[in-house]
Amino acid sequence: MDRTVEMLIAYRKTTLKVLSGLSVVALNTIPPGFNNNLIWNFGHVVVSQQTLCYLNAGLKPVMDDAIIAKFRKGTKPGKFVDKAEFESIKKSSDAALIRLDEDLENNLFANITPFTISSYGIEVKNIGDVLKVLLNHEGLHLGYCMALKRALSYHGNGSL
C-alpha cells in the first residue's frame with residue numbers, strides 16, 4: 001500500500017475516534033463561534049480526496065455525486081445528516097481510500113491538470129503534490145473536529 005494512503009487512513013481513523021461516542025444530534029450541532037459541524041468536516045475530507053484526485057485528473061469520482069455536492073469546497077452544513085447517511089459516508093470513506101491506492105498503483109492520475117489551492121496559493125502539478133495537500137487538509141480538519149468536540153462539551157452538547 002502507498003505510504004501516503006496509509007497515512008490518510010490513519011488520519012481518517014483518528015477523526016472517527018474523535019467522532020465516536022457522540023450522538024447524531026451532537027455530530028450535526030454547530031457550536032457558537034463555528035460555521036460548520038463534525039459531520040460536515042468528515043464528509044468534506046472524504047469528498048475533497050475525490051475531487052482533488054479524480055476530477056483534476058479528468059476521471060469520474062468513485063463516490064456518489066449527491067455526497068460530493070453536499071460536502072465539496074464552498075459548501076456548508078445544510079440538512080440534518082441522519083445516522084444512516086453518516087454510516088454511508090464512513091463506508092464510502094474506506095472504499096474511496098482503498099480505490100485510491102489501487103488507482104495510484106495503476107497510474108491513473110498521470111494527467112492531473114495543474115491547479116492552485118486557493119486557500120494557500122500553492123500550485124499543484126501532479127498526484128504527488130495532490131497527496132501532500134490531502135495530508136495537510138486531513139490534519140487541518142482533524143484539528144477542527146477536535147476543537148468542535150471540545151466546544152460541544154463546553155456548551156453542554158457533547159452527549160446530545
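**Notes on a predicted model**

1. Let me start at the surface: Tyr144 has a relative accessible area of 41%, so this residue is partly exposed (buried is under 20%, exposed over 50% and partly exposed in between, with a 1.4 Å probe and protein chains only). Tyr144 sits in helix α6, residues 127-154; helices here are DSSP runs of H or I with at least four residues, strands are runs of E with at least two, and both are numbered from the N terminus.

2. Before going on, please keep in mind that this is a predicted model, in which local features need pLDDT of at least 70 and side-chain atom pairs count only at pLDDT 80 or more, while totals for chains, interfaces and linings use all residues. Residues are numbered from 1 along each chain as its sequence is written, and side-chain values use heavy atoms, with hydrogens and water left out.

3. Tyr144 joins Tyr120, Ile122 and Leu140 in a nonpolar surface patch of about 380 Å².

4. Helix α3 is worth a look. Its 16 residues, 38-53, reach 23 Å from the first C-alpha to the last, close to the 22 Å expected at 1.5 Å a residue (the expected span is 1.5 Å times one less than the number of residues). Because 16 of the 16 residues of α3 are buried, the helix is largely enclosed by the rest of the structure. At the N-terminal end, Asn37 acts as a cap, with a side-chain oxygen 3.3 Å from the backbone nitrogen of Ile39.

5. How many aromatic pairs are there? The count comes to two, taking rings of Phe, Tyr and Trp (its six-membered ring) with centres within 6.5 Å; planes under 30 degrees apart are stacked, over 60 edge-to-face and the rest tilted. Phe42 and Phe86 make an edge-to-face pair, because their ring centres are 6.1 Å apart and their planes stand at 75°. Phe42 belongs to helix α3 and Phe86 to helix α5 (residues 83-105), so this pair ties together parts 44 residues apart in sequence. Both Phe42 and Phe86 are buried.

6. The pair formed by Tyr54 and Phe109 is also edge-to-face, at 5.0 Å centre to centre and 80° between the planes. Since Tyr54 lies in the loop between α3 and α4 (65-71) and Phe109 in the loop between α5 and β1 (115-117), the pair ties together parts 55 residues apart in sequence. Tyr54 is buried at 1% relative accessibility, and Phe109 is buried at 3%.

7. Finally, Thr29 lies in the loop between α2 (24-28) and α3. Thr29 is buried, with a relative accessible area of 18%, and its side chain reaches the backbone oxygen of Val25 at 2.7 Å.

How values were computed
Patches are made of residues with over 30% relative accessible area and no salt bridge: like charges are joined within 9 Å, nonpolar side chains (Val, Leu, Ile, Met, Phe, Trp, Tyr) within 5 Å. Accessible areas come from the Shrake-Rupley method with a 1.4 Å probe; for residues, only the protein chains shown count as cover. A salt bridge is a side-chain nitrogen of Lys or Arg within 4 Å of a carboxyl oxygen of Asp or Glu. A polar contact is a pair of N or O atoms within 3.5 Å; within protein, one must be able to donate a hydrogen and the other to accept it, and residues adjacent in sequence count only if both atoms are side-chain atoms.
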